[in-house]
Amino acid sequence: MPNLLEGYPIVTEIPVAWGEMDALNHVNNVVYFRYFETARLDYFAGIGLMEEMQATQTGPVLSETSSRYRRPVTYPDKLLVGSRISELSGDSFVMEYKIVSQQQGAVTTSGTAKVVMFDFKQQKRASLSSSLLEKMVSMQPELAESVATTG
């Protein structure tokens, strides 16, 4: 199963809770966005984004998000949620997620989220800091070319 998440530098394990299932006996579609959020926050922790936000008052704002459901997930199961950056610009990035069911040994869901950096003091968009860009590239060297063109 690890090869299903190859290229995803952060992998978050999430147990499926009984209460996440709906009347049709599978995880409700809204819950996947919580899974994505948990994975996104793990990625942010990996690059120190939340600490930087506390120090600079500049941080991430979710601009848009999407999900593609491939296979239903049911309780009991453990999910592995891979997260990575698929697009990078000076003030935003697109995260990509892949959810793998340990029970099924297959990809069940994929998704994306556009994240915009925002200066909360000045109430406007802000650039990604060089330290965040460096940490992103250290986790995903293929992003180096994007940083060169945005920096």
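Here are legends for three close-up views of a predicted model. Local features need pLDDT of at least 70, side-chain atom pairs count only at pLDDT 80 or more, and totals for chains, interfaces and linings use all residues. Numbering runs from 1 along each chain as its sequence is written, and side-chain values use heavy atoms, with hydrogens and water left out.

**View 1. The two sides of helix α3, residues 130-139.** Helices here are DSSP runs of H or I, at least four residues, and strands are runs of E, at least two, numbered from the N terminus. Leu-132, Leu-133 and Met-136 are the buried residues of α3 (buried is under 20% relative accessible area, exposed over 50%, with a 1.4 Å probe and protein chains only). Looking down the axis, these buried residues fall within an arc of 100°, so they line one face of the helix; the arc is taken from the directions from the helix axis to the C-beta atoms. Over on the other side, Ser-130, Glu-134 and Ser-138 are exposed. An α-helix has 3.6 residues a turn, so residues three or four places apart point the same way.

**View 2. Asp-77, in the loop between β2 (58-69) and β3 (78-88).** Asp-77 is buried but has no salt bridge (a Lys or Arg side-chain nitrogen within 4 Å of an Asp or Glu carboxyl oxygen). Its nearest side chain of opposite charge, Arg-71, sits 8.8 Å away (Lys and Arg count as positive, Asp and Glu as negative; His and chain ends aren't counted). A polar atom of the Asp-77 side chain does lie 3.0 Å from the backbone nitrogen of Gln-103.

**View 3. Ser-83, in strand β3.** Ser-83 is buried, at 0% relative accessible area. Leaving aside neighbours within four places in sequence, its contacts (heavy atoms within 4.5 Å) include Tyr-8, Ala-39, Tyr-43 and Tyr-97.

Terms used
Polar contact = N/O pair within 3.5 Å; in protein donor to acceptor, adjacent residues only side chain to side chain.
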